[in-house]
Amino acid sequence: MLSPHRYPLASHALFHTRDVDQAREAVARVFCPHVLNPCGARRSLDARHHSAPVFRDVSLNYVQYGPAVDIEPGQLGSFYLLQMPLRGSAEVSCGSQRATVGQGMASLPSPTEHLKMRWADDSPHLILRLSQGAVVRQVEQLAQTAVHRPLVFGLGLAMDTPALAPLAGFVRYLADTLEVDAGFAGSLLAQQAEAYLLSMLLLQAPHNYSEALRGDGRRPLLPRVVRRAQDFMQANVQRPLTLADLCDHLHVSARSLQQAFVDHTGESPMVYWRNLRLDKVREALRRAASQASAGASVTRVAEDHGFLHMGHFAAQYQRRFGERPVETLKSSPAVMQGSSPRA
């Protein structure tokens with residue numbers, strides 16, 4: 001087993017028990033009522049549950065049971081679960097779908113399908129709990145169409161593929177951030193993180209509305225729509241903005257908007273949005289350098305423009321401008337007059 005200081009989200013511990021009934025009742029308070037039974041003769045567990053809210057509609061959880069257990073919640077009812085084993089394995093059945101999951105392979109049961117699972121010995125999971133209402137609202141924004149039938153995901157997700165590896169990495173980053181930053185949950189950055197998780201999941205994981213998100217390709221988009229999107233981004237550069245927000249404002253599907261951007265700018269709307277914010281950060285850092293602002297810091301300026309992960313931000317900044325953000329902040333006015341952003 002992991003040593004106590006190695007448990008994810010350890011500062012958000014809800015319980016640690018060896019009693020099956022206590023574990024079942026405590027986990028049910030965060031998720032839902034369920035059947036929990038050890039598989040072998042060993043009846044005592046090594047059960048832990050750590051749970052931290054992200055913003056309003058998503059929470060991140062660490063759950064372990066120790067010995068192998070059978071878990072049967074039935075229908076989850078009001079939430080989706082992205083379950084990522086940290087080691088070990090699990091057999092998961094949800095409706096007519098079956099999946100064997102382990103490191104690099106996650107499960108995503110849907111709330112309207114009957115769920116039962118067997119977690120193998122020593123198979124702790126990192127679990128995202130996502131509100132069903134939030135997921136449905138997000139897909140309606142992205143597809144610009146009403147959801148009339150239950151949204152059901154494919155059960156098994158290969159999290160080490162190019163499509164889903166960024167999501168897996170972001171969940172791990174989120175676990176680290178929630179552990180060390182007490183002010184993150186419920187903040188503006190947490191709101192952005194939650195929107196990113198929902199959009200990424202809907203755009204990259206297979207489900208029965210995936211075709212609707214791709215668009216039908218029959219409605220042509222004029223460059224005017226791209227200009228409207230760019231104007232909207234410019235006007236809202238210091239507020240959280242997601243692909244769903246753009247689709248909602250412009251009344252177009254995510255697939256159509258992405259295709260229009262690629263056709264007319266050579267990049268996706270979210271790449272354009274990231275580069276626009278990087279440009280604004282550079283402007284702010286250069287102003288701070290020219291005014292010798294004592295209170296200016298790279299972290300503060302980056303966070304003011306919605307960058308969540310300082311390591312990723314610094315790498316993106318250096319790729320775009322050929323220098324580190326701290327170098328921009330320390331530049332003299334003479335140096336700045338001779339420099340220009342790189343595409």
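A residue is counted as buried when its relative accessible area is under 20%. By this criterion, in the predicted model examined here, six of the seven residues that form strand 3 (residues 47-53) are buried, so the strand is largely enclosed by the rest of the structure.

Strand 3 has pairing partners in strand 1 and in strand 4. With strand 1 (residues 13-17), strand 3 pairs in the antiparallel sense over four bridges, and within this pairing His 16 has Arg 48 of strand 3 as its bridge partner. Strand 4 (residues 58-64) also runs antiparallel to strand 3, to which it is joined by six bridges, with Ser 51 standing opposite Asn 61 of strand 4. The connection between strand 3 and strand 4 is a hairpin of four residues.

A further contact is found between two helices, helix 6 (residues 223-235) and helix 8 (residues 254-265), whose axes come within 9 Å and cross at roughly 100°. Because an angle of 65 to 115 degrees counts as roughly perpendicular, helix 6 is described as roughly perpendicular to helix 8. The residues that meet include Val 226, Ala 229 and Met 233 in helix 6, and Leu 257, Ala 260 and Phe 261 in helix 8. Eight of the residues in this contact are nonpolar and three are polar, while none is charged.

As regards confidence, the mean pLDDT of the protein is 88, and 91% of its residues reach 70 or more. The pLDDT is nevertheless below 50 over residues 216-221, a stretch that has eight contacts in the model beyond near neighbours in sequence. It is also below 50 over residues 332-343, where 13 such contacts are found.

Note on methods
Residues are numbered from 1 along each chain as its sequence is written. This is a predicted model: local features need pLDDT of at least 70, side-chain atom pairs count only at pLDDT 80 or more; totals for chains, interfaces and linings use all residues. Side-chain values use heavy atoms; hydrogens and water are left out. Buried means under 20% relative accessible area, exposed over 50%, partly exposed in between (1.4 Å probe, protein chains only). Two strands pair if DSSP finds at least two bridges between them. pLDDT is the predictor's confidence in each residue, from 0 to 100. Contact means heavy atoms within 4.5 Å. Axes are lines fitted to C-alpha atoms, for helices over the stretch in contact, and angles run from 0 to 180 degrees between N-to-C directions. Angles under 35 degrees count as roughly parallel, over 145 as roughly antiparallel, 65 to 115 as roughly perpendicular and the rest as oblique. Ala, Val, Leu, Ile, Met, Phe, Trp, Tyr, Cys and Pro count as nonpolar, Asp, Glu, Lys and Arg as charged, and the others, Gly among them, as polar.
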